[in-house]
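Q: Please take a close look at a single part of this model and describe how it sits among its surroundings. I would like one connected account rather than a list.

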Amino acid sequence: MINKKWDVILESEMKKDYFKKLGIFVKDEYNKKIIYPEYKNIFNALRYTDYDKVKVVILGQDPYHGEHEAHGLSFSVREGVKMPPSLLNIFKELESDLGIRRTKTDLTDWAENGVLLLNSIMTVVKDSPLSHKDKGWEIFTDRLIELLGEREEPLVFIFWGSYARSKKVLIKNKKHLIIESVHPSPLSAHRGFFGSKPFSKTNEFLSKNNIEPINW
């Protein structure tokens, strides 16, 4: 699947009945419908950020459902695609927080720098948000979060919005930092996302724990 340490860690999970059924369901959906991201990109978050390399987790709910947008990394879209409003607000907060003016919508460089850009649901039908909800993805990604929470090395978990924040219960190790706020979508960003300074808080925590900060 990924040919990294994730393969070893997730081996027993991927042998479970629910995951086998999920695999059959997903393949059938790709054969019948337009599904995002491309099949080869479903596990890009794990491909770009191996288990031992994760410093930060940014959790999304499910992929963007518009054409050419999703490519397997939460909140990230391919270059040349119109910037989604949530990502625009993330970049506004980044500039306000750290003075970094970013226009590159493809966040692969964050992933390669140790930011696991994970969607709780990893596939979606075109133009149908949450269409693959409750098919098994959440069981799989909850286990991923639990496994990361069991790591001894301190991590930062960034949870934006009520759905992501509901995953806090999966993290038992108090060594980790949980940063949470409302979602960066235009509907809620002004109610606590703007001014929350997640990027500087992340880097301060990493530096304090002798971990190289993220190059946002």
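A: What follows is an account of strand 5 and the elements around it, as they appear in a predicted model.

Strand 5 covers residues 156-160 and belongs to an open sheet of four strands. The order of the strands in that sheet is 3-2-5-6, and their pairing is parallel. Strand 3 (115-119) and strand 6 (177-181) form the edges, each of them pairing on one side only. From one strand to the next, the twist averages 20°.

In that order strand 5 stands between strand 2 and strand 6. On the one hand, strand 2 (56-60) runs parallel to strand 5 and is joined to it by four bridges. Within this pair, V57 stands opposite F157 of strand 5. On the other hand, five bridges link strand 5 with strand 6, again in the parallel sense. Here I158 is found opposite I179 of strand 6, and F159 is found opposite E180 of strand 6.

How many of the residues of strand 5 are buried? The count is five of five, so the strand is largely enclosed by the rest of the structure. The cut-off behind this is a relative accessible area under 20%. The burial involves both faces of strand 5: V156, I158 and W160 lie on one side, F157 and F159 lie on the other, and all are buried.

Two helices can be placed relative to this strand. Helix 7 (residues 137-149) lies across strand 2, strand 3 and strand 5. Its direction makes an angle of about 155° with strand 3.

Helix 5 (residues 85-98) also involves strand 5, since strand 5 is among the elements that cover the buried residues of this helix. That cover also includes helix 6 (108-112) and helix 9 (198-208). The buried residues of helix 5 are S86, L87, N89, I90, F91, E93, L94 and D97. In an α-helix there are 3.6 residues a turn, so residues three or four places apart point the same way. Helix 5 has 14 residues and reaches 20 Å from its first C-alpha to its last, which is close to the 20 Å expected at 1.5 Å a residue. After helix 5 comes G99, with a positive phi near 75°.

To return to the strand itself, strand 5 pairs with strand 2 over four bridges and with strand 6 over five, and both of its faces are covered.

Conventions:
Residues numbered from 1 in each chain as written. Predicted model: local features only at pLDDT ≥ 70, side-chain atom pairs only at ≥ 80, totals over all residues. Heavy atoms only, no water. Expected span 1.5 Å × (residues − 1). Buried < 20%, exposed > 50% of the residue type's maximum accessible area, 1.4 Å probe, protein only. Contact = heavy atoms within 4.5 Å. Pairing = 2+ DSSP bridges. Axes fitted to C-alpha atoms, helices over the stretch in contact; angles between N-to-C directions.
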